[in-house]
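Colleague: Could you walk me through this model? I have a few questions ready.

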Amino acid sequence: MSNETSTIVVMGEREEIFPQEPAERQRVRPGRLALVTITLLTFAFLYVPIAILVVFSFNDARTGAVWQGFTLDWYARLFRNERLLDAALRSLIIATVSTAGSVVIGTMTALAMERFRFRSKTFWDGLLYMPVIVPEIVAGVSLLLFFATAGIERGFFTLVVSHIAFSMPFVYLTVRARLADFDLSIEEAAKDLGADEWVTFRRITLPLLMPGIVSGALLAFTLSVDDFIISFFVTGKGWDTLPIYIWSALKRGVTPEVNAVSAMLLLFSATLVVGSLILQRRRSY
Amino acid sequence: MLQTIRERKGLQVLGLMFPGGVWLIVFFALPLALIFAISFMSRDDLSRPALPLTLANYQQTFDLLYINLFLFSVGLSLLTTLITLLIAFPVALFMARLPKRWRNLMTLLVMIPFWTNFLVRTYALQFLMRANGPINTLLLGLGLIDEPVQLLSTPFAVLVGLVYGELPFMILPLYTSLEKFDWSMIEAAQDLGANALNTLLRVMLPLTAPGILAGSILVFVPSVGSYITVELMGGGKINMIGRVIAQQFGQSSNWPFGSAISLLLMVVVTIAALIYFRIGRGERGAI
């Protein structure tokens, strides 16, 4: 295939079905070149800062951005830094507990909203979009006010309930999307064969919803581990999470250790995203 | 018979909605109502919110300082939204016309920054732009500059930070609506004599409006309330609404005034959301 035809084929199927005049093809090219250039520059813009940060996490220099040679020393230090390890452990515990909570609550809400008709549905629909509309800073300070007014001591409990509040709607959306393309006849078949409602749910509905639930869970986990702003306001003494630790380290002035822990956190969430996407795309069970 | 089925359905809905409903009311709606209430309160000797009720907090926001703060924050966020739209539209257009295999890979490449740690991503950009960071080191090394250029602590730095942070949130919804786009429409427009500009403005834009609106709200809302970006890229020299709120709840310890500013920020965001739901008639699938 010549160079010219291959570029046209990439553009889409239309050109193949409706071959155009050669003069017209010539006209398409500068626009296409511009699109390619903008796209490449955009992805470079998105990824170069991250790549450079990762590269410099291996740089054998305490300050500055001159390459002084390769070292794993900063990573080795991370694993000896107890404050950081504690913060990471706290983040994992909070993420695990809050993910479990948001998965159960989000799935129940999705089932109610997709399967039933009821009067207050529009109201709940609006409320479930709150995390998109309410700026994180407002959500954070309002929760701080709420816990302070209610006399609830800030720490593990306040972190977990707040994390459930902002990640549950995302689980809800993922599970509801899965429920929307659900083939109801499978459930009817189960009931015709004598399964009661609970058995049908446990043996048919739940397994079929699993990919949606798991990918929702991965998103909830990522959101929880990554959250800084809301956690910053609802945390209490002795409950600094990993992002809060990174923030205070940044405020004190950067050490290359921060680059190393940032690189690890990036790798961690990228892995979760890829996992979640793979699950979401899986059509066959 | 029908009555009992209805009652059972009602109970099921109640049971399924109960935990989610409680969570949304108690940990989202109630705290926001509290912000509203406390914004009308004064402070006692220990600077805790106290009675009597007052309008002083709102009067304070009419100070030129805070009016400028709101104008700057809203202006910079609108600019961020516009710039991300101008960058993201051609990218999403390019992605939508790729063969399926490539499209999936590109979607993944957008999804990764979409979901990875915002704080760490913004820090990566700040690290790059520091006085002793890679950009300055490179320029000094090449002999293009004699001393480090100050790239941070400017409104421009905050703008770059916001665009960098929010770009994936514009690309994804635009791509979702362009992927569903019926390309024969373009052909029809051209057959009917429309030029390229007319095709873009009168066919593509109206048909991809839901994606544009969804992306705009996803970019505008976090921008106007941004805290991490202003703090890291502005170096303490640039102020935006989010940073002032954080200060009032932090070292200034003026919760009633912080609440009043939060409430005004909610008003700005609600206006944006209303525009979104009215114009877009709420094509929610796009978010």
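**Contacts, core and chain B**

Modeller: Let me start with one residue: B:I171 touches B:A88, B:V91, B:A92 and B:V110, leaving aside residues up to four places away in sequence. Touching, or contact, means that the C-beta atoms, placed from the backbone, lie within 7 Å. This is a predicted model, where local features need pLDDT of at least 70, side-chain atom pairs count only at pLDDT 80 or more, and totals for chains, interfaces and linings use all residues. Residues are numbered from 1 along each chain as its sequence is written, with chains lettered from A and ligands numbered from 1 in the order in which they are written.

Colleague: Which helix of chain B gives the most to the largest nonpolar core?

Modeller: That core has 147 residues, and B:I171 and B:L174 are among those with the most contacts inside it. Such a core joins buried Ala, Val, Leu, Ile, Met, Phe, Trp, Tyr and Cys through C-beta atoms within 7 Å, buried meaning 20 or more other C-beta atoms within 10 Å. With 14 residues, the top contributor is helix 7 (residues 155–179; helices are DSSP runs of H or I, at least four residues, numbered from the N terminus) of chain B.

Colleague: How many residues of chain B are in contact with chain A?

Modeller: On the chain A side, 66 residues take part. Helix 3 (residues 22–56) of chain A supplies the largest share of that side, 12 residues. The chain B count is 69 residues.

Colleague: What radius of gyration does chain B have?

Modeller: Its C-alpha trace spans about 85 × 70 × 35 Å along the principal axes. A compact globule of 287 residues would come near 19 Å (2.2 Å times the number of residues to the power 0.38, over C-alpha atoms), but chain B has 24 Å.

Methods:
Two residues are in contact if their C-beta atoms, placed from the backbone, lie within 7 Å. Helices (H or I, at least four residues) and strands (E, at least two) are DSSP runs, numbered from the N terminus. A residue is buried if 20 or more other C-beta atoms lie within 10 Å of its own, exposed if 12 or fewer, and partly exposed in between; C-beta atoms are placed from the backbone.
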